[in-house]
Structures are given as C-alpha cells and as structure tokens.
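Trainee: I would like a close look at one part of this protein, its buried interior. Please take me through it, and then through the places that stand out in the backbone.

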Amino acid sequence: MMAESSVKMETGRLVIGRVGGKSTVTRCFSKYPLKFIVPSKAGRSEIDAVWIYTLTYGGGIVSGDCISFDLTVEDDCTAVLTTQASTKVYKSVALKCSEQIMEARVGNGALLVLIPDPVTCFSTAKYSQKQVFRIMSGSSLLVVDWITSGRHESGEKWDFTLYKSTNHIYMEAKPVFLDTVTQPYRTLSNLGKKLFISVLLENGHVTSIAERMQDYQVIAMVILMGPKLKHIQNQIQEDVKKMMSGQLHVPSIRERTKASNGDGYTKPPLIASCNSFGTKGIGVVVRIAATTTESVYSFLHSQLTGMEPMLGLCPYL
C-alpha cells in the first residue's frame, strides 16, 4: 500500500485474473465498513468484463471512517468498479475527517473502468480520498470522479466543511498525471517535469463554497487513457469543443441588453473543458461543472456509450 495508508488497516483487496480464458475475480476480501458485491451476470455473458459494486454498511461513510483497499487487474483482463448509489458522507463529529484510499494496479492489455455515482457530502462533513493508479504502457484506464453540492431536499447546498480528492497515475513507475481536487479554482506549479493541479472545495472564513460555486451544483472530472480508449478520447475532445464553442462566446450587444433586463441570457447549464496530458497526448482529462446532477449523468452516458461492446453494459445508463 502507499505510504499514506501504511499505518491504516486494510479494509479490502480485489484481484482480477484470467481463469478459463475469461476475466474473473480470483481474490475478494473486505471488512467493515466496506463490502464488495460481484454479480454473476452484470452484462452480456459473451463480453469479457467483471463488474464489481462497492458499498458501505449503513449506506454511507461515517465521520472518522477510514477505508483503504487494493485492486489489481492482471494482464488482458477487464474490470469495472462502480457503486449502487451515490456515496453519502455523513456529518463530521468532533471535527473528524472521513477517508478513502485506493491503490490500483493495471496490467498490460488490461482495462480498468472506475465509474461510481457521485459523492454527496452532508452538512459539516469532512471527506478526503486518494486514488493511485499504477499502469503499464499497454494499460487502459477510465476514471470518473465527481461530487454534488449536497442534499437539496434538505436545503443543503455546498454546506460541507471539506472535500478533497486526489488522483495520481504512474506509468511504469513514472508519474504521468498528478491532480489534487481541493478548491473551486486552480493553481498550477511545476515540480521538476511534473505538473501539479489543485482545485479547492473547502469552506473558508471570507467566502463559502456556495458563494464561489454560484448556480453550479456538480463538479466532475473524467480521465481517459490507453489504447483501448483512444477512439473514445478522440470523440469526447471533438464533442466538448463543439459544445463549448456554441455556449462560451462573447455576448453581443443585444444579448448584454437582454441580460441587463433579466431575460433571455443565462449561464450555460453545463460547461466542460478538455485537455490532453502525458507523452504524445496519451491521456485526456475532462472537467465539468453543471447546474444539475441529471445533466452530468446524461453527458457521461452519451460520451461513454461507445464502451458498451467492451463492458457488456453502457456506463451510466
């Protein structure tokens, strides 16, 4: 396990290997508060892909919980790690922070797809997660990492104390992607040849998260890389460029006049940016902000529908 989790007790371990020519869960261990569900049939039986659902006892992550697990996808295997519903993070008690740490290893010719439902933090919640992916040059990887503003039906919007999510990708021990999600604005700094990107979601003394996020209620990040996802990468880059070129433009005098009158000119309900990273643009990262969770589900479904032949099911159907 990674250094940060070395002092924590492991709560889960998964290994996916080839048995009888098919991707199979060869090791599955979990303990409270974590549980894995491996259905015997999640998609079409002729598709070589294992689906694994993660859940926590009690339906969410309790203040002070620490979940730490390992995932290994061996050569030429395909694994999908998902959830049955949004990951709920309950309110912080005595300022305790809940943590989730995952380290995944993806073999040559293997595909790992991480497509959870969004994290939903309750009022005063403090949550930190870290995901480390160690891949090979022939590995393929899809990661969706997203959060909603909270429980709208309870009047909670960006009312939590802290949300921190970190994703690191190493290809054959060399870093290709380092990201820290911590504020609703980015800071960039060069660490040697590494690019460190940080975005903050933390309630401060001057302004709250809700004030900084305004009308946007969802933040999402999608990472795609590897040979099996090249066609998806190309398509999503084209689609985001077209979508944003039609929404993000300098308003005309007529549009500005309408805006001042309070009608006809509104913020885009979903905005996205798309950038390549790594040697020769081996990967793509898409960042999304949206006014509704449903619009992000729709975006993810439409952009990832081309993965159905590889997974047996379309993500976020």
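Mentor: What follows starts in the interior and ends in the loops. Keep in mind that this is a predicted model.

Start with the largest nonpolar core. It has 47 residues. Within this core, L112, C121, F133 and F160 touch the most other members. Take L112 as the way in. Set aside its neighbours within four places in sequence, and L112 is in contact with L71, V73 and A79. The list goes on with A104, V106 and F133. S140, L141 and L142 complete it. F133 thus turns up again: it is a contact of L112 and one of the core members that touch the most others. There is also a second, separate core, with 31 residues. V113, I232, L270 and M307 are among them. In soluble globular proteins, nonpolar side chains tend to be buried together.

Now a polar residue in the interior. N167 sits in strand 13, which spans residues 162-171. Its relative accessibility is 0%, so N167 counts as buried; the cut-off for buried is under 20%. What does its side chain meet? One partner is Q131, whose side chain is joined to that of N167 by a polar contact of 2.7 Å. Another is D145, where the side-chain polar contact with N167 is 2.9 Å.

Next, helix 4. It runs over residues 293-304, 12 residues in total. From first C-alpha to last it reaches 17 Å, close to the expected 16 Å. Its buried residues are V296, F299, L300, Q303 and L304. Looking down the axis of helix 4, these buried residues fall within an arc of 105 degrees, so they line one face of the helix.

Finish with the backbone. Most residues other than glycine have a negative phi, and most peptide bonds are trans. Three places in this model depart from that pattern.

The Y32 to P33 peptide bond is cis, with omega near 10 degrees. P33 is in the loop between strand 2 (22-30) and strand 3 (34-37).

D76 has a positive phi, near 65 degrees. It belongs to the loop between strand 5 (66-73) and strand 6 (78-83). With 46% relative accessibility, D76 counts as partly exposed.

T124 also has a positive phi, near 70 degrees. Its loop lies between strand 10 (119-121) and strand 11 (126-135). T124 counts as partly exposed too, at 34% relative accessibility.

Terms used: Residues are numbered from 1 along each chain as its sequence is written. This is a predicted model: local features need pLDDT of at least 70, side-chain atom pairs count only at pLDDT 80 or more; totals for chains, interfaces and linings use all residues. Side-chain values use heavy atoms; hydrogens and water are left out. A nonpolar core is a set of buried Ala, Val, Leu, Ile, Met, Phe, Trp, Tyr and Cys residues joined through side-chain atoms within 4.5 Å. Buried means under 20% relative accessible area, exposed over 50%, partly exposed in between (1.4 Å probe, protein chains only). Contact means heavy atoms within 4.5 Å. Helices (H or I, at least four residues) and strands (E, at least two) are DSSP runs, numbered from the N terminus. A polar contact is a pair of N or O atoms within 3.5 Å; within protein, one must be able to donate a hydrogen and the other to accept it, and residues adjacent in sequence count only if both atoms are side-chain atoms. The expected span of a helix is 1.5 Å times one less than its number of residues. The arc is that of the directions from the helix axis to the C-beta atoms.
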